[in-house]
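The following account leads the reader through a single protein chain. It begins with one residue and then widens to the fold, its irregularities and its internal spaces.

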Amino acid sequence: MGGTFSSAKPALDLVDLKGKVIVVTGGNSGIGYETIKILAKQGAKLYMAARNESRVTGAISRLEHEGVPAGSVHWLKLDLGDPRQAKKAAEELITKENRVDVLINNAAIIDVPFELTSDGLSQTMVTNYLSPFVFTKTLLPLLKQTASLPGSDVRIVNVSSKGHNFIGTENNERPRFDSVEAFNKTFGDGWKGTLKRYAWSKLAQILYTRRLQRELKASATPITVIAIHPGEIKTSGVILKSDVPWYISFLYALAMLLSFKSVEYGGYTPAFAAASKEIAANKDKFAGVYLEPYGKIVKGSKWARNDELGDELWTTTEKFVEGLGL
């Protein structure tokens with residue numbers, strides 16, 4: 001399955017998902033939608049975790065029109081803009097289900113101006129990293145309970161981005177995740193700052209993936225945690241709307257035309273990470289890794305592999321979460 005991201009559609013070899021419960025955040029469009037479509041057709045019960053009920057309802061109708069079994073996809077109200085709401089959503093799910101087999105943290109924001117939340121934290125970091133951290137932490141007892149069942153194969157998939165490589169390339173200095181100021185790093189104004197803030201949050205996702213896997217391994221908890229880059233995909237989120245110079249817009253549009261894949265390709269690597277037989281048979285090999293299409297293990301940037309930085313991120317995040325009473 002692992003290999004280059006060619007135009008050929010891969011033949012996914014997935015495990016039987018009948019009786020399994022899977023949660024996908026932000027699944028009402030784009031990559032999350034395509035991921036849900038693949039996994040639901042394997043027999044799983046899916047929760048589409050998103051904020052807007054009408055969009056979710058419309059997405060579920062489209063899925064059923066495209067062959068997803070009626071009644072297999074359900075709405076879970078989730079607002080990642082506030083970590084308190086992320087915890088509330090996880091708590092609600094725990095009252096509905098006695099198991100969760102796969103959690104896919106897919107939702108993210110990209111082209112947004114720098115803004116602080118009411119807690120004084122970067123909105124991009126909260127939505128893309130801190131709230132998913134809280135959502136996962138709150139669901140972890142149920143994930144662990146599921147992992148203790150005979151024949152279980154519990155996985156946590158964090159959708160990151162190849163864009164994390166943008167961090168630390170200018171002066172090669174070690175990034176910091178040791179304070180509020182570090183979380184709120186603006187990277188300057190304009191479109192460059194916007195993209196760097198997104199990359200910053202995605203670097204955090206990969207570091208968190210590695211750190212969580214080490215935590216689970218230390219407690220002998222059989223859960224596989226994987227970070228992935230879904231590929232260069234033509235979704236609405238990758239269209240830059242901010243103050244991009246015309247020549248950058250032109251080159252970006254050309255790149256999209258020549259090398260970006262249609263949105264249906266975006267679901268393959270998340271689905272591979274969530275349910276492939278290859279991972280089921282080689283859990284140690286895939287524990288804590290970073291994947292690029294279609295399921296190829298890639299090292300990622302040197303900072304993404306820096307466990308000292310991951311420990312720093314973990315400690316600071318736990319401090320934030322504790323300060324918020326979560």
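Does Thr 35 count as buried or exposed, and what is its relative accessibility? In this predicted model, Thr 35 has a relative accessibility of 1%, and because buried means under 20%, Thr 35 counts as buried. The residue belongs to helix 1, which spans residues 30-40. Beyond four places in sequence, Thr 35 touches Ile 104, Gly 266, Gly 267, Pro 270 and Ala 271.

The overall setting can now be described. The protein has 326 residues, of which 54% are buried, and its secondary structure comes to eleven helices and eight strands. Of the contacts between residues at least 6 apart in sequence, 79% join residues at least 24 apart. The mean pLDDT is 88, with 86% of the residues reaching 70 or more. An exception to confident prediction is found at residues 2-6, where pLDDT stays under 50; the model has 20 contacts beyond four places in sequence for this stretch. Where pLDDT is low, the predicted coordinates should not be read in detail.

Strand 1 offers a second view of the interior. Val 23 is found in this strand, which covers residues 21-25, and with a relative accessible area of 0% it is buried. Its C-alpha atom is separated by 5.8 Å from that of Leu 46, although the two residues are 23 apart along the chain. Leaving aside neighbours within four places in sequence, Val 23 is in contact with Tyr 47, Ala 49, Leu 93, Val 100, Val 102, Leu 103, Ile 104 and Phe 135. Ile 104 is thus a contact of Val 23 and also one of the residues touched by Thr 35.

Phe 135, included among the contacts of Val 23, has a number that falls within the range of helix 4, residues 123-147. Of the 25 residues of helix 4, 21 are buried, so the helix is largely enclosed by the rest of the structure. Helix 4 also departs from a straight course: a kink of about 45° lies at Leu 140, shortly before the proline Pro 141.

Thr 269 lies in helix 8, residues 268-275. With a relative accessibility of 0%, Thr 269 counts as buried. Not counting residues up to four places away in sequence, Thr 269 touches Ile 228, His 229 and Pro 230, and also Leu 291, Glu 292, Pro 293, Tyr 294 and Gly 295. Two of these partners, Pro 293 and Tyr 294, are joined by a cis peptide bond with omega of about -15°. Tyr 294 lies in the loop between strand 7 (290-292) and strand 8 (296-298).

Backbone geometry of note also occurs elsewhere. Most residues other than glycine have a negative phi, and most peptide bonds are trans. Phe 187 has a positive phi, near 60°, and is placed in the loop between helix 5 (180-183) and helix 6. With a relative accessible area of 23%, Phe 187 is partly exposed. Ala 220 likewise has a positive phi, near 55°, and lies in the loop between helix 6 and strand 6. Ala 220 is exposed, with a relative accessible area of 65%.

Helix 6 and strand 6 also take part in forming a pocket. The second largest pocket has a volume of about 360 Å³. Among the 14 residues that line this pocket, the closest to its centre are Gln 213, Lys 217, Ile 223, Asp 284 and Ala 287. Helix 6 (190-218), strand 6 (223-228) and helix 10 (283-286) are the elements that give two or more residues to the lining. The largest share, four residues, comes from helix 6. By class, the lining has four nonpolar, four polar and six charged residues.

How many cavities of 30 Å³ or more does the structure hold? There is one cavity of that kind, and the largest cavity has a volume of about 50 Å³. It is lined by Val 15, Leu 17, Lys 20, Asp 101, Val 102, Asp 153, Arg 155, Ala 274 and Ala 275. Five of the lining residues are nonpolar and four are charged, with no polar residue among them. Val 102 connects this cavity with the earlier description, as it lines the cavity and is also in contact with Val 23.

Definitions and conventions: Residues numbered from 1 in each chain as written. Predicted model: local features only at pLDDT ≥ 70, side-chain atom pairs only at ≥ 80, totals over all residues. Heavy atoms only, no water. Bend = angle between axes of the 7 residues up to and from the residue. Buried < 20%, exposed > 50% of the residue type's maximum accessible area, 1.4 Å probe, protein only. 1 Å grid on protein atoms, 1.4 Å probe; cavity = no way out; pocket = protein on both sides within 12 Å on 5 of 7 lines; lining within 4 Å. Points joined across faces, edges and corners; volume = space filled by probe spheres on them. Nonpolar A, V, L, I, M, F, W, Y, C, P; charged D, E, K, R; others polar. Contact = heavy atoms within 4.5 Å. pLDDT = per-residue confidence, 0-100.
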